[in-house]
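The report below looks at one structure through its helices, its nonpolar packing and its charged pairs. Please keep the sequence and the coordinates at hand while reading.

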Amino acid sequence: MKITPIKTDLFAVREDLPQFIVRHIPHVQENTVVAVASKLLALWKGEIIPEPDEAQKEKLIRRESTWALKTALAWLTVKDGMVMTNAGIDASNAGGTLLLLPPNLYELAADLRRKLGAVWKVKNLGIVITDSMILPLRAGVVAGAVAYAGFKGVRDERGKKDLFGRKLQVTLVDVADSLATAAAYCMGECDEQQPLAVLEDTRAEFVDEINPNEIKYPVEDDLYAALFRAVGYSSKGEKND
């Protein structure tokens, strides 16, 4: 897989994101995935507020999540079926403000795909929206796909055979998050000013319609189900008061 991070100008609040992307990426080949940092979508849709005090921030985090638990380092939250810190609310590279994840991220990803595909005149085009995440018992951040469009986010390997002929029973490949992590590693987390990346030769399966639920896994069957039960989170996703 080839990943090319794209150095850009600073993106302004409510600037036209498709035009911004095309200005920095004039063309792409068929079978390309473009990674876009979630901060760009937050700015595009004006999801930005002055940084509040701690009480206001807590209220905001609870509002933006379906479940929230305060920890020593940050709020551990569930938003749109994803475990993330602070409901995706971010102060890094935000110039003294807070950036919120916009609603309907999958619709925005699909909209970007349609508009960019028309300009670039490509059919097989994927969009993956990246955001930083933390894995349990691992130092540092990786990235996950908070939304995507144009390709299947999960590849089902069940029934296929491994190197020694053993039939795989449970293997699902998380394509969307894998691409997001690889792209974000090249894009950087600090002052690189590379909020876009072009991914080629990804082996992604390109499709016109995707099901956002394909990547969501039932909490009852999750590897961390016992931990979720211990902290009071259920599949109903009740607010944690």
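## Helix 4 and its cover

In this predicted model, helix 4 has a series of buried residues, namely L105, Y106, L108, A109, D111, L112, R113, L116, G117 and W120. The elements that cover these buried residues include helix 1 (17–24), strand 2 (32–37) and helix 2 (38–44), and strand 8 and strand 9 (142–149) also belong to that cover.

The length of helix 4 can be checked against expectation: its 16 residues, at 1.5 Å a residue, should span 22 Å, and the end C-alpha atoms are indeed 22 Å apart, so the two values agree. Just after helix 4, K121 adopts a positive phi of about 60°.

## Nonpolar cores

The largest nonpolar core holds 52 residues, and those that touch the most other members are L17, I21, I25, V36, W120, I129 and F151. Helix 4 supplies the largest share of this core, with 7 residues. W120 thus appears in two descriptions, as a buried residue of helix 4 and as one of the core residues that touch the most other members.

For L17, once its neighbours within four places in sequence are left aside, the residues in contact are F11, V36, L40, L41, W44 and L112. One of these partners, L112, is among the buried residues of helix 4. Apart from the largest core lies another core, of 8 residues, which includes L60, I89, L98 and L100.

## Salt bridges within helices

Side chains of opposite charge can pair when their charged atoms come close. Over the whole structure, a search finds 11 salt bridges. One of them joins the side chains of D111 and K115, at 3.2 Å from N to O, and both residues lie in helix 4 (residues 105–120), 4 residues apart, or about one turn of the helix. D111 has a relative accessibility of 17% and therefore counts as buried, the cut-off being under 20%, whereas K115, with a relative accessible area of 40%, is partly exposed.

Another salt bridge is formed by the side chains of E58 and R62, with an N to O distance of 3.4 Å. Both residues belong to helix 3 (residues 54–64), where they stand 4 residues apart, about one turn of the helix. E58 counts as partly exposed at 30% relative accessibility, and R62 is also partly exposed, with a relative accessible area of 28%.

## A distant pair and a network

Which parts of the chain does the salt bridge between K123 and D208 link? The side chains of K123 and D208 meet at 3.9 Å, N to O, and this pair links distant parts of the chain, 85 residues apart: K123 is in the loop between helix 4 and strand 8 (125–133), while D208 is in the loop between strand 12 (196–200) and helix 6 (225–230). K123 counts as exposed at 53% relative accessibility, and D208 counts as partly exposed at 48%. Elsewhere, D9, E15 and R23 are joined into one network by salt bridges that share partners.

## A nonpolar surface patch

L223, Y224 and L227 make a nonpolar surface patch of about 360 Å². Of these residues, Y224 lies in the loop between strand 12 and helix 6, and Y224 is partly exposed, with a relative accessible area of 36%. The loop between strand 12 and helix 6 is also where D208, the partner of K123, is found.

Terms used. Residues are numbered from 1 along each chain as its sequence is written. This is a predicted model: local features need pLDDT of at least 70, side-chain atom pairs count only at pLDDT 80 or more; totals for chains, interfaces and linings use all residues. Side-chain values use heavy atoms; hydrogens and water are left out. A salt bridge is a side-chain nitrogen of Lys or Arg within 4 Å of a carboxyl oxygen of Asp or Glu. Buried means under 20% relative accessible area, exposed over 50%, partly exposed in between (1.4 Å probe, protein chains only). A nonpolar core is a set of buried Ala, Val, Leu, Ile, Met, Phe, Trp, Tyr and Cys residues joined through side-chain atoms within 4.5 Å. Contact means heavy atoms within 4.5 Å. Patches are made of residues with over 30% relative accessible area and no salt bridge: like charges are joined within 9 Å, nonpolar side chains (Val, Leu, Ile, Met, Phe, Trp, Tyr) within 5 Å. Accessible areas come from the Shrake-Rupley method with a 1.4 Å probe; for residues, only the protein chains shown count as cover. The expected span of a helix is 1.5 Å times one less than its number of residues.
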